[in-house]
Amino acid sequence: EEKIRTALMNTMEKIQEIKERYEYITDSEEIAKHIQDECVIEVSTGVEGTSDYNKFKKYVETTIGESAWRKMTQNAQIFLITAELLYDQWKVYGDDNIDFAPICMSVSKALEVEVTRRYFMGYLTYLNENAMDIPAEMLMKENGEFREKREEEFMLGNITGVTGYAVYLDTNSVKLVGRLIDENQKFLKYAKNDLFKGESEAKCVELIKKHALNIKKVCVNYRNPSAHKQKITKVSARECLDFMIDVKKIMGKMLDECAW
């Protein structure tokens, strides 16, 4: 038990160092992205070799649903398993001693991986195959010229510029942005022909809006606050568990609704 406690405290110190390294960044989405990615690497490395890995793998696969599980990448699967395994170990030490940020970030990272595959990588392939203009949110300026963003450069906040829909959590609503109507029409074509293949345009709009709203809630309520320099002890073990359950439900439903 003492070895586990020591390893846990060492991990907490490393997570704090990661948070401090990016404290100069002012954009909440950008800082959360950087810290999330580093924290997830820190806590997920070696997870596959642990004795409890298969037990939690079976549990996550069952709770998220067999169909959705098969559509997930191995990395996303590992991130979810990591979150469950960490929670099981860390809850023993109580809310006052533990920063639950790495768990929130592991779950959020799994969602980000699958969203990026469908709302960025898959869409980018569709645009190129059909010789369509790439939205500005999917481009990066480098050496005075624009290039396509790489997978790891895409942020969940870019979804508005890709789909044309903005999310307003204060009213729990999703609205089309007037200046993005052209981008919206292009994305709807992709959604009908690929992402939600076989669904009507009205159904595609409904699904995109629902996904965008859920993604925003995950980012604003848990992922971004987890990147704060201070420990998120205000998030209790129970709330952390509820968050994991909610994200798995969101992911399971989202992947069931997607054609791939």
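## Exercises on a predicted model

This is a predicted model, with a mean pLDDT of 91 for the protein and 95% of residues at 70 or more. Let's work through it together.

### Exercise 1: Confidence

Find where in the protein confidence is lowest and where it is highest.

**Solution.** Start at the low end: helix α1 (residues 2-21) has the lowest confidence, with a mean of 85. Then go to the high end, which is strand β4 (residues 173-176), at 98.

### Exercise 2: The largest nonpolar core

Identify which residues touch the most other members of the largest nonpolar core, and which helix gives this core its largest share.

**Solution.** Step one is the membership: the core holds 84 residues, and I103 and F196 touch the most other members. Step two is the source: helix α6 (residues 101-129) supplies the largest share of this core, 14 residues.

Step three is a look around I103. Setting aside neighbours within four places in sequence, I103 contacts A83, L86, Y87 and W90, together with C240 and M244. As background, nonpolar side chains tend to be buried together in soluble globular proteins.

### Exercise 3: A lysine in helix α8

Decide whether K186 is buried or exposed, then describe what surrounds K186.

**Solution.** First, place the residue: K186 lies in helix α8 (residues 181-195). Next, apply the cut-off: buried means under 20% relative accessible area. K186 has 13% relative accessibility, so K186 counts as buried.

Now look at the partners. The K186 side chain makes a polar contact with the side chain of E183, at 3.1 Å. Beyond four places in sequence, K186 touches Y123, Y126, L127, M132, D133 and P135.

Finally, widen the view to the helix. E183 and K186 are both among the buried residues of α8, a list that also includes N184, F187, L188, Y190, A191 and L195. The cover over these buried residues includes α6, α7 (159-163), β3, β4 and α9 (201-226).

### Exercise 4: Two asparagines with positive phi

For N143 and N172, give the loop in which each sits, and classify the exposure of each.

**Solution.** Take N143 first. Its phi is near 55°, a positive value in a residue other than glycine. N143 sits in the loop between β1 (139-142) and β2 (145-148). Exposed means over 50% relative accessible area; N143 has 78%, so N143 is exposed.

Then take N172. The phi of N172 is also near 55°, again positive in a residue other than glycine. N172 belongs to the loop between β3 (165-168) and β4. With 43% relative accessibility, N172 counts as partly exposed.

Technical notes
Residues numbered from 1 in each chain as written. Predicted model: local features only at pLDDT ≥ 70, side-chain atom pairs only at ≥ 80, totals over all residues. Heavy atoms only, no water. pLDDT = per-residue confidence, 0-100. Helix = DSSP H or I, 4+ residues; strand = E, 2+ residues; numbered from the N terminus. Core = buried A, V, L, I, M, F, W, Y, C linked by side-chain atoms within 4.5 Å. Buried < 20%, exposed > 50% of the residue type's maximum accessible area, 1.4 Å probe, protein only. Contact = heavy atoms within 4.5 Å. Polar contact = N/O pair within 3.5 Å; in protein donor to acceptor, adjacent residues only side chain to side chain.
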